Amino acid sequence: MFTLAEVASLSDIQPTYRILKPWWDVFMDYLAVVMLMVAIFAGTMQLTKDQVVCLPVLQSTVNSRVQPDTAGKADFTTVETTTGQEEASMRTVSFAPTVTPDIFLSRATSSQYQPTESDQELKKEQKDSSGRKTNLDFQQYVFINQMCYHLALPWYSKYFPYLVLIHTIILIVSSNFWFKYPKTCSKIEHFVSILGKCFESPWTTKALSETACEDSEENKQRLTGAQSLPKYVSTSSDEGSPSASTPMITKSGFKFSADKPMIEIPSVTILDKKDGEQAKALFEKVRKFRAHVEDSDLIYKLYVGQTVIKTVKFIFILCYTANFVNTISFEHICNPKVEHLIGYTQFECTHNMAYMLKKLLISYISLICVYGFICLYTLFWLFRIPLKEYSFEKVREESSFSDIPDVKNDFAFLLHMVDQYDQLYSKRFGVFLSEVSENKLRGISLNHEWTYEKLRQHVSRNAQDKQELHLFMLSGVPDAVFDLTDLDVLKLELIPEAKITAKISQMTNLQELHLYHCPAKVEQTAFSFLRDHLRCLHVKFTDVAEIPAWVYLLKTLRELYLIGNLNSENNKMIGLESLRELRHLKILHVKSNLTKIPPNITDVAPHLTKLVIHNDGTKLVVLNSLKKMTNVAELELQNCELERIPHAIFSLSNLQELDLKSNSIRTIEEIISFQHLKRLTCLKLWHNKIVSIPSSITHIKNLESLYLSNNKLETLPAAVFSLQKLRCLDVSYNSIAVIPVEIGLLQNLQHFHITGNKVDVLPKQLFKCVKLRTLSLGQNCITSIPDKVSQLLQLTYLELKGNCLDRLPATLGQCQLLRKSGLVVEDHLFDTLPSEVKEVLNQETGIPFANGI
């Protein structure tokens with residue numbers, strides 16, 4: 001037989017699950033334990049004491065005389081008793097087992113009975129015969145008792161304890177099945193674990209304190225105006241009202257809350273690093289748990305199902321048990337049909353456990369009734385309100401975290417169950433559903449990690465000698481950034497929760513801002529500052545919707561760089577019609593995948609002086625809108641798959657620099673039309689497929705810089721050298737074999753690059769270009785450098801590496817501005833120079849070196 005402890009363990013649930021056990025479940029668990037005790041008590045008594053005692057019912061119409069025989073045995077005949085007193089004595093007498101053959105004389109009525117017999121003889125006869133003899137031995141009585149136990153005793157009297165045990169086990173299993181079922185217990189276990197951590201997390205208390213401090217800050221003047229207020233305002237738990245001893249502030253409408261103790265605005269508390277990391281992990285766990293649980297309602301359905309099963313079970317037990325209450329009795333009539341063995345046909349039996357079983361059954365019915373009423377109440381609670389929806393409205397009011405979302409399905413049901421245990425759990429849990437709360441935590445952790453001193457160490461000088469700070473993949477913008485008042489450039493990259501506060505107004509030197517995949521939010525005061533001070537803005541995005549709307553309202557913005565996807569579908573979304581407000585915009589840089597120049601870009605054309613379009617290889621087809629950009633001085637159309645020079649460019653009368661880098665231009669016959677562009681001074685046709693230069697290039701009289709590197713040129717026409725104003729000529733990485741002698745005509749040439757060609761001889765006329773400062777001759781087939789190189793007195797950079805030289809001319813020492821740092825040549829060739837020349841080249845000079853590009 002198993003013990004009570006073993007049976008009771010069936011209802012044990014992990015202690016951590018108690019927060020999901022409402023009062024009715026707890027009460028039903030106790031009722032189930034009591035019912036178990038009833039079943040075990042009844043079963044124990046039944047196994048040890050349950051039995052029936054049966055006596056034969058004697059025949060009433062037969063008279064017999066008892067005579068002894070020679071075998072020591074006697075025949076017997078049952079006779080009818082004459083008085084009720086004798087019958088009662090027969091039923092109550094205890095028959096002790098005997099093996100003697102003595103025959104009891106029975107007292108019978110007879111027709112020959114003489115009423116004149118003396119009273120003394122009658123009393124003597126009654127004294128000798130105290131009962132009726134049945135002639136049954138011990139084994140026969142045992143046989144009859146067992147026989148009648150199974151035949152005469154009702155089945156419910158025999159199996160009552162076992163039925164109670166089975167019913168109770170079913171009820172226990174039904175109550176706790178949702179804690180054991182794999183599809184639900186995993187979610188419940190996870191929920192209980194997270195809930196406990198959220199309740200005990202230091203951030204929960206600190207978040208509420210921070211909220212209270214913010215509320216105090218907003219009401220600071222009103223609070224400080226009340227001088228009678230104590231330093232710490234005590235609150236009562238009744239609807240968040242202050243206690244009777246606390247001064248009331250009625251005019252300000254200030255609300256006191258028991259869950260938000262108001263303090264006198266102390267310094268902001270800072271979590272230590274460990275607590276902060278744990279809190280951030282909790283936010284992530286809550287977010288994932290919500291996504292995992294909120295999409296189904298299995299836990300709710302399972303709980304409703306088990307409650308319905310318990311209710312049906314209660315009704316079933318009550319219905320059939322009530323019918324058997326009256327069947328349990330002390331006396332029973334038994335007809336075993338074993339007259340051929342015993343000699344008697346009917347027995348009267350007594351059940352010694354009948355009274356106790358009846359009392360236990362009534363107790364069991366009482367327990368079941370209470371259990372059933374609780375089940376009915378549970379069903380009423382389940383269907384009274386929609387438990388698959390949960391609102392944090394009250395929590396939002398008390399905690400001031402107005403963004404705590406309402407939840408649904410199993411997530412909502414679990415929170416409803418927790419509320420039955422203690423509503424404080426859900427209140428504290430709601431803190432970890434709030435993005436405002438999470439942002440506060442990130443802000444505190446961020447500011448704690450990124451102090452002013454650490455940020456100062458990350459400030460560097462860029463190529464323009466400006467102080468620059470680059471922040472990458474942070475949870476937000478540290479407050480200490482805005483204390484770097486001397487910062488010129490601020491770069492924010494991959495900071496999704498970036499927020500620019502009013503403190504940016506301290507950064508009076510800030511003129512350039514970079515937002516790389518960073519849809520920054522800007523406070524109104526901060527926007528006013530940026531609108532008046534920001535000059536350059538870089539925005540890198542994946543989708544055009546990521547561009548902050550406030551970008552289009554920066555009226556004093558001079559330079560705007562947009563890098564991201566602006567395909568034809570999203571062009572309508574670009575919203576650049578708002579660029580009309582950017583009345584001071586001069587430079588617009590678009591790096592995208594355009595197939596045409598969006599018309600809304602041309603809306604700002606009258607203001608633009610520089611337009612740069614860098615495509616990713618997508619062919620730019622429609623260029624007619626370029627004609628509207630009459631004030632554009634610099635135009636770059638790079639990697640646009642252009643095959644010819646667009647005709648729309650020839651209408652840009654103010655164009656000074658044209659860059660058509662990395663296209664598919666094969667011929668430039670249209671170059672004759674550049675003669676109408678009187679101000680064109682720089683033409684960049686590098687990284688194309690140009691085979692030849694037309695002679696009509698001579699019409700571009702004012703051309704000062706010509707870049708034709710990385711093409712397929714084989715010769716340089718004499719027409720190029722008729723451009724008397726040419727100061728820079730770059731024909732690197734072509735297939736040019738000869739430098740024409742006409743190069744000597746370029747008296748203003750300062751930078752000449754012919755690296756990566758097939759030149760083997762340098763004409764002497766090259767050294768007539770005495771203004772040359774940069775001369776790139778590397779990776780050719782040159783075998784010697786003429787001594788006339790000494791005529792290049794302004795030369796600061798000379799590249800000779802990758803040729804077939806045996807030595808360097810000693811006259812290099814006469815190039816007064818040339819130093820070793822500007823001489824790109826193999827080390828062994830440098831060693832061929834005389835020592836005095838090497839000494840001159842090794843001297844330091846304060847004259848800046850220029851590479852010419």
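## Helical segments in the record

Helices are DSSP runs of H or I with at least four residues, and strands are runs of E with at least two. The structure described here is a predicted model. On that definition of helix and strand, residues 159-179 are 100% helix and 0% strand, with the end C-alpha atoms 31 Å apart. Residues 361-383 likewise come out at 100% helix and 0% strand, and the C-alpha atoms at the ends of this stretch are 33 Å apart.

Both stretches appear in the unreviewed UniProt entry, which lists residues 27-47, 159-179 and 361-383 under "transmembrane region".

## An open antiparallel sheet

Three strands make up an open sheet in the order β1-β3-β2, with antiparallel pairing. The edges are taken by β1 (52-56) and β2 (331-334); each has a single partner strand, so one side of each is left without a neighbour in the sheet. On average, and ignoring direction, neighbouring strands of this sheet are turned by 25 degrees against each other.

Four bridges pair β2 with β3 (residues 347-351) in the antiparallel sense. Within β3, C349 stands opposite H332. Strands of a sheet pair through backbone hydrogen bonds, in either a parallel or an antiparallel arrangement.

## Parallel strands around β12

Parallel pairing is found for β12 (residues 536-540). Five bridges join β12 to β10 (residues 512-516), and five bridges also join β12 to β13 (residues 559-563), again in parallel. Of the five residues of β12, four are buried, so this strand is largely enclosed by the rest of the structure.

K540 has a bridge partner in each of the two neighbouring strands: Y516 and, in β13, I563. The side chain of K540 also lies over the face of Y516, at 6.0 Å from the ring centre. K540 and Y516 are therefore linked twice, as bridge partners and, given that a Lys counts as over a ring when NZ is within 6 Å of the centre and within 35 degrees of the ring normal, as a charge over a ring.

## Aromatic pairs and clusters

How many aromatic pairs does a search of the whole structure find? The search returns 23. One of them joins Y344 and F347, whose ring centres are 6.4 Å apart; their planes stand at 70 degrees, so the pair is edge-to-face. Both Y344 and F347 are buried. Y390 and F392 form another edge-to-face pair, with 4.9 Å from centre to centre and 65 degrees between the planes. Y390 has a relative accessible area of 7% and is buried, and F392 counts as buried at 0%. Both values fall in the buried class because that class covers relative accessible areas under 20%.

One aromatic cluster is formed by W23, W24, Y377, F380 and W381. Y377, F380 and W381 lie in the stretch 361-383 that UniProt lists as a "transmembrane region".

## Helix α17 and a lysine over W450

Helix α17 (residues 435-449) has 15 residues. From its first C-alpha to its last α17 reaches 21 Å, close to the 21 Å expected at 1.5 Å a residue. Which residues of α17 are buried? They are S437, E438, K440, L441, I444, S445 and L446.

A lysine placed over a ring also occurs at W450: K454 lies over the face of W450, at 4.2 Å from the ring centre.

Technical notes:
Residues are numbered from 1 along each chain as its sequence is written. This is a predicted model: local features need pLDDT of at least 70, side-chain atom pairs count only at pLDDT 80 or more; totals for chains, interfaces and linings use all residues. Side-chain values use heavy atoms; hydrogens and water are left out. Two strands pair if DSSP finds at least two bridges between them. Axes are lines fitted to C-alpha atoms, for helices over the stretch in contact, and angles run from 0 to 180 degrees between N-to-C directions. Rings of Phe, Tyr and Trp (its six-membered ring) pair if their centres lie within 6.5 Å; planes under 30 degrees apart count as stacked, over 60 as edge-to-face and the rest as tilted. Buried means under 20% relative accessible area, exposed over 50%, partly exposed in between (1.4 Å probe, protein chains only). UniProt positions are given in the numbering used here, feature names are shortened, and annotations may be inferred rather than shown by experiment. The expected span of a helix is 1.5 Å times one less than its number of residues.
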